[in-house]
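Work through the exercises below with the coordinates open. Try each task before reading its solution.

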Amino acid sequence: MQLHLVSGFLGSGKTTAIQTACVTLIDEGRAVGVITNDQGIRLVDTEYFESIGISNRQVINGCFCCNYAALDENIQSLIQADNPDIIFAESVGSCTDIVATVMKPLLLFNSGIDVTISTFADAQLLYMLLIEKRNLLNEPVEYIYTKQLEEAGTIVISKIDLIAEEKFNAIQNFLQQQYPGKNIIAINGREKSSVTSWLNFISPLVQRCIPASLNIDYNLYGTGEAMLAWLDTVLQISAVKDDAPSIARLLAQTVYKKIKDEGYTIGHLKFLIDASIKLSYTAAEQNLIATSDEINTTSSVVVNARVQTSPEVLKQIVDTAIEEIQREKNCTIIKESYTAFQPGFPSPAHRFVD
Ligand SMILES: Nc1nc2c(ncn2[C@@H]2O[C@H](COP(=O)(O)OP(=O)(O)OP(=O)(O)O)[C@@H](O)[C@H]2O)c(=O)[nH]1
Ligand SMILES: [Mg+2]
């Protein structure tokens with residue numbers, strides 16, 4: 001069995017590529033499974049995989065490295081349930097040091113599982129951060145971003161459909177110079193042929209590419225994670241007319257605009273409306289994926305916001321947006337399981353240095 005670890009910064013395209021990969025592999029008659037991971041509890045990614053019928057498990061309340069036993073249990077559970085040929089395990093976007101704390105323990109403790117690690121990086125964000133040297137991330141957060149690239153078995157430059165060729169060439173040259181000898185490929189995670197080229201590239205690497213463990217300053221890593229705020233909630237919208245799903249979209253746009261207006265960098269702001277419409281805002285762009293366009297007097301919205309600010313500020317922004325939309329649209333919005341927090345200090349269960 002192959003297990004592909006998929007790491008990379010918030011919003012870099014991990015879930016999208018995994019989804020395309022799963023659909024492609026299932027079409028070929030292969031059995032697949034996905035393990036999602038987050039610091040929160042109600043996850044847009046998990047509910048999205050569920051809604052499109054892909055076998056999945058989740059490790060919640062912290063990263064794979066701090067919850068290694070839960071990762072292992074979920075791998076065993078997927079094996080027992082579906083005996084998959086391939087499992088994709090997507091780590092939290094603020095997490096790094098995965099080679100030492102997840103990949104090497106998996107290889108050491110589990111015979112019969114071959115492991116690769118791909119690190120995704122959004123082409124536009126790479127350009128903004130590394131070429132234009134824009135000040136989007138606080139220094140400790142940028143430290144996490146660069147450590148993710150440094151430890152990659154394969155760097156996957158994602159969303160190449162959104163970047164001009166000359167900018168792409170500049171990124172590729174930069175990465176080749178910065179990380180000589182590292183595997184670097186580029187994909188459009190929404191396109192089957194492109195994702196297949198990623199799979200064909202990583203599959204033969206299972207026995208041959210075990211990257212070096214990082215030399216990393218955990219204090220700086222922990223400081224970086226603590227500069228990011230997480231906000232998770234499920235909103236139940238009740239409208240007078242049958243426009244609750246469109247109110248949900250307006251709310252998403254309002255939250256996004258407020259965060260932008262106040263100048264905070266978005267890691268990933270995700271909304272899953274009625275398990276069918278996924279709205280996504282990252283540092284570089286905004287996107288809408290709708291599998292159906294419902295008309296209804298009620299709407300259920302899972303919200304996952306990861307933003308470079310404090311939890312208090314993020315909560316204030318979301319609360320203000322909810323109040324505004326309730327007044328403007330004369331609707332009721334009830335908040336369920338509302339949490340706003342910073343990730344805890346990373347404390348891996350295992351760590352293998354070379
Ligand atoms: N145009 C384009 N959009 C993409 C591509 N890959 C991902 N996206 C979009 O980018 C946004 C973020 O993608 P996700 O796959 O959710 O990113 P992620 O890395 O899983 O995000 P987190 O799990 O929150 O860290 C979504 O709106 C995707 O539709 C791509 O190759 N091309
Ligand atoms: Mg994801």
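## Exercise 1: Two positive phi angles

Asn 61 is exposed, with a relative accessible area of 53%. The model is a predicted one.

**Task.** Where do Asn 61 and Lys 159 lie, and what is the sign of phi in Asn 61 and Lys 159?

**Solution.**
- Step 1. Place Asn 61: it sits in the loop between E3 and H3.
- Step 2. Read its backbone. Phi of Asn 61 is near 65°, which is positive in a residue other than glycine.
- Step 3. Place Lys 159: it belongs to the loop between E6 and helix H7 (165-178).
- Step 4. Read its phi. Lys 159 is not a glycine, yet phi is positive, about 60°.
- Step 5. Check the burial. Lys 159 has 13% relative accessibility, so it counts as buried. The cut-off for buried is under 20%.

## Exercise 2: Order of the open sheet

**Task.** Find the strand order of the seven-stranded open sheet. Which strands stand at the edges?

**Solution.**
- Step 1. Trace the order: E3-E2-E4-E1-E5-E6-E7, with parallel pairing.
- Step 2. Take the ends. Strand E3 (56-59) and strand E7 (183-186) each have a single partner strand, so one side of each has no neighbour in the sheet.
- Step 3. Add the twist, which averages 25° from one strand to the next.
- Step 4. Look at E2 (residues 32-37). Four bridges join E2 to strand E4 (residues 86-90), in parallel. Gly 33 faces Ile 87 of E4.
- Step 5. Turn to the pairing with E3. Four bridges also join E2 to E3, again parallel. Here Ile 35 is opposite Arg 57.
- Step 6. Follow the chain from E2 through helix H2 (residues 44-51) to E3: this is a right-handed β-α-β unit.

## Exercise 3: Helices on the sheet and against each other

**Task.** Which strands do H4 and H5 lie across? At roughly what angle do H1 and H8 cross?

**Solution.**
- Step 1. Helix H4 (residues 98-109) lies across strand E1 (2-8) and strand E5 (114-122), at about 155° to E5.
- Step 2. Helix H5 (residues 123-131) lies across E5 and strand E6 (154-158), at about 65° to E5.
- Step 3. Fit axes to helix H1 (residues 14-27) and helix H8 (residues 192-202). They come within 9 Å and cross at roughly 90°.
- Step 4. Classify the angle. H1 and H8 are therefore roughly perpendicular to each other.
- Step 5. List the contact. H1 residues include Ala 17, Thr 20 and Leu 25, and H8 residues include Val 195, Trp 198 and Leu 199.

## Exercise 4: The magnesium site

**Task.** Which residues coordinate the magnesium ion (ligand 2), and are Asp 45 and Glu 90 buried or exposed?

**Solution.**
- Step 1. Collect the donors: Thr 15 (OG1), Asp 45 (OD) and Glu 90 (OE), at 2.0 to 2.1 Å.
- Step 2. Write the spacing of the donor residues in sequence: T-x29-D-x44-E.
- Step 3. Map the pair onto the fold. Asp 45 is in helix H2 and Glu 90 in strand E4; they are 45 residues apart and link distant parts of the chain.
- Step 4. Check accessibility. Asp 45 and Glu 90 are both buried.

## Exercise 5: Two isoleucines

**Task.** What do Ile 60 and Ile 87 touch, leaving out residues up to four places away in sequence?

**Solution.**
- Step 1. Ile 60 is in the loop between E3 and helix H3 (68-82). With 27% relative accessibility, it counts as partly exposed.
- Step 2. Its contacts are Asp 38, Gly 40, Ile 41, Leu 43 and Asn 67.
- Step 3. Ile 87 is in strand E4. With 0% relative accessibility, it counts as buried.
- Step 4. Among the residues it touches are Met 1, Leu 3, Gly 33, Ile 35 and Leu 78.
- Step 5. Compare sequence with space. Ile 87 and Ala 31 are 56 residues apart in sequence and 8.8 Å apart in space, C-alpha to C-alpha.

## Exercise 6: Strand E8

**Task.** How many residues of strand E8 (residues 229-238) are buried?

**Solution.**
- Step 1. Count: eight of its ten residues are buried, so E8 is mostly covered.
- Step 2. Ten bridges join E8 to strand E12 (residues 298-307), antiparallel. Gln 236 has Ser 300 as its bridge partner in E12.
- Step 3. Eight bridges pair E8 with strand E13 (residues 332-341), also antiparallel. Ser 238 faces Thr 332 there.

Key
Residues numbered from 1 in each chain as written. Chains lettered and ligands numbered in written order. Predicted model: local features only at pLDDT ≥ 70, side-chain atom pairs only at ≥ 80, totals over all residues. Heavy atoms only, no water. Pairing = 2+ DSSP bridges. Helix = DSSP H or I, 4+ residues; strand = E, 2+ residues; numbered from the N terminus. Axes fitted to C-alpha atoms, helices over the stretch in contact; angles between N-to-C directions. Contact = heavy atoms within 4.5 Å. Right-handed = clockwise from strand over helix to strand, strands pointing away. Donors = N, O, S within 2.8 Å, 3.2 Å for Na, K, Ca; no water. Buried < 20%, exposed > 50% of the residue type's maximum accessible area, 1.4 Å probe, protein only. Parallel < 35°, antiparallel > 145°, perpendicular 65-115°, else oblique.
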